[in-house]
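User: I'd like a close look at one helix pair in this model, and then how the rest of the fold is laid out around the sheets. Please keep it relaxed, but give me the residues so I can follow along on screen.

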Amino acid sequence: MHRTGIHEECGIFGIYARNKTQVANFVYAGLFALQHRGQESCGIVVNDKGVFSHHKDLGLVPEVFSPDILNSLGEGNISIGHVRYSTTGGNNRVNAQPLVVQHVKGNLAIAHNGNLVNAHRLREKYEMKGAIFQSTNDTEVISYCLTEHRIKKDSIERAVEHAMYDLQGAYSLLIMSAQKLIAVRDVNGFRPLMMGSFPDGSIIFASETCALDAVGAKFERDLLPGEIIVVEPEGIRSIRTHCGRKSAMCVFEYVYFARPDSVLEGCSVHRARLRAGELLWKEHPVNADVVIGVPDSGLDAALGFSHASGIPYGVGFIKNRYIGRTFIQPSQQQRTNSVNLKLNVIKETVAGKRVVLIDDSIVRGTTSARIVKLLRDAGAEEIHFRVSCPPFTNPCYFGTDIDSKENLIACQMEIPEICQTIGADTLGYLSLDGVKSIAKEAKTDFCVGCFTGDYPVSVPKEMPKNKFEAKLGG
């Protein structure tokens, strides 16, 4: 997706190995598979009998971790890693994860995917007690919450269990102590988190099944919303004190965030996107000569549209794989230049033809307009834009940086005006009922608050706009 003004959430990966080994190599492979979830910073922490070695920095996984750096982390039996996008927290090294905490009850390392809606209130509470924050992300807020409860409780998992009463919003967590690896999913299950295993009994946790596949692990199951899984020398335990609420996974995981080869909550992401394209054809049919998708997340939906309509599928764009996603660029000029560098039209596919163009969303509309212009310049006769989700009309508080209605084109214009603004001949969005049905095999309900304004949990009327702001931890 080549949007401006929206960021996706992050990716986490962890391993509890039954035997001491180069666990960082497994985490490296897992993070590499999750690179699509975060391309700004990454980090790995290795635990060798309670001694933590860690490295994190800005950049892609292969840029941050050379073979020498991986070797320097040494051997161990527990390790966690993280890939990150920044939003309010800022793109600097201090906000990179995992976060390593040293306190009286022992070392902790935390990797977080998601966003707390009450992070600013918790941060102010701890600062009033004398806490000094080193970063601007809400993962550090989680760390203070955990350590506060850890001092009062007899185990780290009991501290996690009680901290969950304080944490509101989206959080999939991996927490590493001296002897334990703990995986946590928030009570609504906003963000995916799953468990895998190796034949020797080693346990893996990851944001997506594609990361399990990358290391050759067997998928065991998705964590339940509200579940805490503890892996320790004695075995594996599940704590379900917080389980039982209605689930509300972010539907945009299926539309865009997750990799097509992943399976989330029992539903193939590839299958969901094919179905989105099929439903787009039923809801917005059109006479055309070719269907093309915007790489990468528009491709499967384009294929589904083609199958349902009988209109031939074509490869309309070549994507330069060596350029990061356009919407992570800090300035509009850089984003514009990146679109030109990243995509090139295959003129033979579109010249003189009526083209159906499939993308997963339109945010501000500026990048969509440039893509339409690329097709016009390549000789497309007609361009019929189809979008595999409804219009964004509300902020997201749970891990994507849609923080203001003023940045959303659908809040400023009606669909015909958006169509005219981006330069398309026609424009059709997938309906709300349609997007809620693309992953019908999934064992979960969905959060669609960014489309409706109806959120699964209470959200602040206005996000803070001051130095205490700590919006995105993962």
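Analyst: Helix 9 passes helix 10 in a right-handed crossing, and bear in mind that this is a predicted model. To find the pair, go to residues 269-283 for helix 9 and residues 299-309 for helix 10. Their axes come within 6 Å and cross at roughly 50°. With that angle, helix 9 counts as oblique to helix 10, because it falls between the 35 degrees that bound roughly parallel and the 65 degrees where roughly perpendicular begins.

Now for the side chains and backbones that touch. From helix 9 you have His270, Arg273, Leu274, Gly277, Glu278, Leu280 and Trp281. Helix 10 answers with Asp300, Ala301, Leu303, Gly304, Phe305, Ala308 and Ser309. Sorted by character, the contact has seven nonpolar residues, four polar and three charged. As background, an α-helix has 3.6 residues a turn, so residues three or four places apart point the same way. Keep that in mind when you colour the contact residues on screen.

Zooming out, the protein chain has 16 helices and 23 strands. Of its 474 residues, 62% count as buried. Among contacts with a separation of 6 or more, 71% link residues 24 or more positions apart.

Next, the sheets. One is an open sheet of seven strands, in the order 3-2-4-1-10-9-11, with antiparallel pairing. Strand 3 and strand 11 (218-222) sit at its edges; each has a single partner strand, so one side of each is left without a neighbour in the sheet. Going across, neighbouring strands are turned by 15° against each other on average, ignoring direction. Helix 1 (residues 23-33) packs on this sheet and touches strand 1 (11-21), strand 2 and strand 4. The direction of helix 1 makes about 25° with that of strand 4. Buried residues in helix 1 are Val23, Ala24, Val27, Gly30, Leu31 and Ala33. Their cover includes strand 1, strand 2 and strand 4, along with helix 2 (61-64), helix 3 (67-72) and helix 7 (209-215).

Strand 2 is worth a stop here. Covering residues 41-48, strand 2 has seven of its eight residues buried. On one pairing, strand 2 runs antiparallel to strand 3 (residues 51-58) over eight bridges, with Val45 standing opposite His54. These two strands form a hairpin with two residues between them, and Lys49 in the turn has a positive phi of about 55°. Strand 2 also pairs with strand 4 (residues 76-84), again antiparallel, through seven bridges; there, Asn47 has Ile78 as its bridge partner. Elsewhere in the sheet, strand 9 (residues 194-197) and strand 10 (residues 203-206) run antiparallel and are joined by four bridges, one place to look being Ser197, whose partner in strand 10 is Ile203.

There is also an open sheet of six strands, ordered 5-6-7-8-12-13, with antiparallel pairing. Strand 5 (99-103) and strand 13 are the edge strands, and each pairs on one side only. The twist averages 20° from one strand to the next. Inside this sheet, strand 7 (residues 169-176) and strand 8 (residues 181-185) are antiparallel partners over five bridges, and Met176 stands opposite Leu181 of strand 8. Helix 5 (residues 138-152) packs on the sheet, touching strand 5, strand 6 (106-116) and strand 7. The direction of helix 5 makes about 130° with that of strand 6.

One last residue to click on is Gly235, in strand 13 (residues 235-239). Is Gly235 buried or exposed? Gly235 has a relative accessible area of 19%, and the limit for buried is under 20%, so Gly235 makes the buried class. Setting aside neighbours within four places in sequence, Gly235 is in contact with Arg18 and Val230. Gly201 is 34 residues away from Gly235 in sequence, with 9.2 Å between the two C-alpha atoms.

Methods. Residues are numbered from 1 along each chain as its sequence is written. This is a predicted model: local features need pLDDT of at least 70, side-chain atom pairs count only at pLDDT 80 or more; totals for chains, interfaces and linings use all residues. Side-chain values use heavy atoms; hydrogens and water are left out. Buried means under 20% relative accessible area, exposed over 50%, partly exposed in between (1.4 Å probe, protein chains only). Two strands pair if DSSP finds at least two bridges between them. Axes are lines fitted to C-alpha atoms, for helices over the stretch in contact, and angles run from 0 to 180 degrees between N-to-C directions. Contact means heavy atoms within 4.5 Å. Angles under 35 degrees count as roughly parallel, over 145 as roughly antiparallel, 65 to 115 as roughly perpendicular and the rest as oblique. A crossing is left-handed if the near helix is turned anticlockwise from the far one by less than a right angle, and right-handed if clockwise. Ala, Val, Leu, Ile, Met, Phe, Trp, Tyr, Cys and Pro count as nonpolar, Asp, Glu, Lys and Arg as charged, and the others, Gly among them, as polar.
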